[in-house]
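The following note is offered to a colleague who is reading this entry alongside its sequence. The points are numbered for ease of reply.

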Amino acid sequence: MMRIELDQLAALRTAGTPRGITSVCSAHPVVLRAALRHGVATGATVLIEATCNQVNHQGGYTGMVPADFAALVQQIAAEEVCPMDQVILGGDHLGPNPWRDRPAEEALAEAEKMIAAYVAAGFRKIHLDASMGCLGEPVALDDEATARRAVRLAAVAERVAREQGGAMPRYIIGTEVPPPGGADHTLHEVPPTDPKAARETIAVHRRMFAAAGLADAMDRVIGVVVQPGVEFGNHNVIPYARAKAQALAHVLDTESALVFEAHSTDYQGTAPLSELVQDGFAILKVGPELTFVLREALYALDLIASDLIPGYGDRPLRATMERIMLDAPGEWERHYTGSPAVQAVLRHYSLSDRIRYYWVQPAAMQAVDRLMAALKGQSVPMPLFWQHWPDANRFSDTPLDPDALLIWRVTQCLDSYHAACSLGG
């Protein structure tokens with residue numbers, strides 16, 4: 001398969017041979033390594049994106065500024081012998097969201113600093129998202145206000161990119177509802193974006209970019225975030241209902257330079273993802289699913305070690321994660337409602353995977369390291385894999401490399417996306 005670049009997506013769709021690109025939205029080193037190793041194996045473009053809350057000029061919840069995140073990706077790419085010209089770094093939901101509890105002007109000033117830091121660090125796929133209201137404003141702004149602020153942020157990106165030299169940014173506009181990362185409650189239906197609203201978003205941005213003298217930047221808008229009708233909550237997944245999205249997909253018939261970007265495509269599976277690509281949703285974003293399956297693998301290994309190794313203990317990794325989350329509930333408490341028993345299950349097994357915020361804690365890292373060390377080189381009997389991780393029984397009865405198992409599990413998910421992106425036509 002030839003490597004597909006961002007700039008080719010719209011032309012391929014127009015030519016009747018749609019293809020897609022997977023956007024890996026994670027900062028976890030194991031996920032990043034799996035994505036880069038997968039890129040080496042397949043030759044596909046490796047698109048890795050950081051979000052505004054995760055990585056920003058103040059550190060975000062990972063503690064990384066954009067230059068740190070870029071350096072991490074570059075380091076792992078070098079270790080995996082993945083050339084950086086095969087890698088695209090993107091910034092997701094870049095706008096005032098992390099500072100929306102402040103007055104708009106203050107929040108936008110921070111957003112400008114964040115955009116500048118992203119572009120200076122080499123990020124060249126920039127999602128301009130100024131749709132959220134700030135202090136004293138409505139929760140969601142109208143197209144005019146959103147586009148005006150997006151243009152202001154684009155001007156910063158353009159200036160910094162010119163100072164840096166090299167490729168100019170490619171932009172994504174628009175946003176989706178519910179917010180990124182999945183919904184908090186059980187969902188029954190998520191209607192696709194109204195086609196008229198999608199057309200209006202595009203038209204208003206085009207007008208505002210031109211009025212600001214940034215028509216050439218608008219020419220580098222490659223995609224629009226819309227809601228195709230896919231989402232996941234804590235407990236369930238809304239699969240792509242193709243028939244309901246056809247009117248929205250037809251918007252692209254008169255926008256030959258654009259594709260749609262689909263957020264929250266986690267847990268869809270290859271067939272729905274392939275239909276999304278065929279219908280013009282050419283950029284498929286995945287995040288929580290990748291760390292969910294990583295957690296799934298770690299917990300399976302925790303069970304295996306508990307049964308196999310004297311003195312290891314009874315699921316000490318899970319016990320450590322429970323303690324960490326109870327000691328610092330800020331990242332899950334607002335999102336996991338219900339009885340204490342329900343919350344206990346969600347802390348570890350919710351599809352929104354808010355446990356991903358806690359793997360960077362020193363105690364969590366120590367518990368994972370202890371698990372990896374305990375199992376490294378061990379020969380795990382096949383019945384033990386059958387009991388705790390049936391799909392991985394191929395790794396039985398041979399000296400175990402637990403790190404390779406983690407990569408393998410994440411790669412299964414990436415393979416599903418790669419297949420869907422390749423089967424578009």
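1. In this predicted model, helix α10 (residues 288–308) and helix α13 (residues 362–375) pack with their axes 10 Å apart and at an angle of about 55 degrees. Angles under 35 degrees would count as roughly parallel and those from 65 to 115 as roughly perpendicular; α10 and α13 are therefore oblique to each other. The crossing in which α10 passes α13 is left-handed. On the α10 side the contact is made by Leu-298, Leu-301, Asp-302, Ile-304, Ala-305 and Leu-308, and on the α13 side by Val-368, Leu-371, Met-372 and Leu-375.

2. Helix α10 also packs against helix α11 (residues 316–327), here at an angle of about 130 degrees and with the axes 8 Å apart. The relation of α10 to α11 is therefore again described as oblique. Leu-298, Tyr-299, Asp-302 and Ser-306 of α10 make this contact with Pro-316, Leu-317, Arg-318 and Met-321 of α11. Leu-298 and Asp-302 of α10 appear in the contact with α13 and in the contact with α11.

3. How are α11 and α13 oriented to each other? Their axes come within 9 Å and cross at roughly 175 degrees. Angles over 145 degrees count as roughly antiparallel, and α11 and α13 are therefore placed in that class. From α11, the contact involves Pro-316, Leu-317, Thr-320, Met-321 and Ile-324; from α13, it involves Ala-363, Ala-364, Ala-367, Val-368, Arg-370 and Leu-371. Pro-316, Leu-317 and Met-321 of α11 thus serve in the contact with α13 and also in the contact with α10. On α13, Val-368 and Leu-371 touch α11 and are likewise listed in the contact with α10.

4. The strands form a closed barrel of 8, in the order β1-β2-β3-β4-β5-β6-β9-β10, with parallel pairing. From one strand to the next the twist averages 25 degrees. Within this barrel, strand β3 (residues 87–94) and strand β4 (residues 125–128) run parallel and are joined by 3 bridges. Lys-125 in β4 stands opposite Gly-90.

5. Strand β6 (residues 221–226) has neighbours on two sides of the barrel order. Strand β5 (residues 170–173) pairs with β6 in the parallel sense over 3 bridges, and strand β9 (residues 259–262) pairs with β6, also in the parallel sense, over 4 bridges. Val-224 of β6 is the bridge partner of Ile-173, and Val-224 also stands opposite Phe-260 in β9. Is β6 buried or exposed? Of its 6 residues, 6 are buried, so β6 is largely enclosed by the rest of the structure.

6. Helix α4 (residues 104–120) has 17 residues, and the distance from its first C-alpha to its last is 24 Å, close to the 24 Å expected at 1.5 Å a residue. Its buried residues are Ala-104, Ala-107, Leu-108, Glu-110, Ala-111, Met-114, Ile-115, Ala-116, Tyr-118 and Val-119. An α-helix has 3.6 residues a turn, so residues three or four places apart point the same way. The cover over the buried residues of α4 includes β2 (46–51), α3 (66–79), β3, β4 and α5 (143–164). Just after α4, Gly-122 takes a positive phi of about 100 degrees.

7. Two residues deserve a check of their backbone. Most residues other than glycine have a negative phi. Val-81, in the loop between α3 and β3, has a positive phi near 55 degrees. His-93, in strand β3, also has a positive phi, near 55 degrees. Their surroundings contrast: Val-81 counts as exposed at 67% relative accessibility, whereas His-93 is buried with a relative accessible area of 4%. The C-alpha of His-93 is separated by 40 Å from that of Asn-393, which is 300 residues away along the chain.

8. Helix α15 (residues 402–422) has 21 residues. From its first C-alpha to its last α15 reaches 30 Å, close to the 30 Å expected at 1.5 Å a residue. With 15 of its 21 residues buried, α15 is mostly covered.

Key
Residues numbered from 1 in each chain as written. Predicted model: local features only at pLDDT ≥ 70, side-chain atom pairs only at ≥ 80, totals over all residues. Heavy atoms only, no water. Expected span 1.5 Å × (residues − 1). Buried < 20%, exposed > 50% of the residue type's maximum accessible area, 1.4 Å probe, protein only. Pairing = 2+ DSSP bridges. Axes fitted to C-alpha atoms, helices over the stretch in contact; angles between N-to-C directions. Left-handed = near helix turned anticlockwise from the far one by under 90°. Contact = heavy atoms within 4.5 Å.
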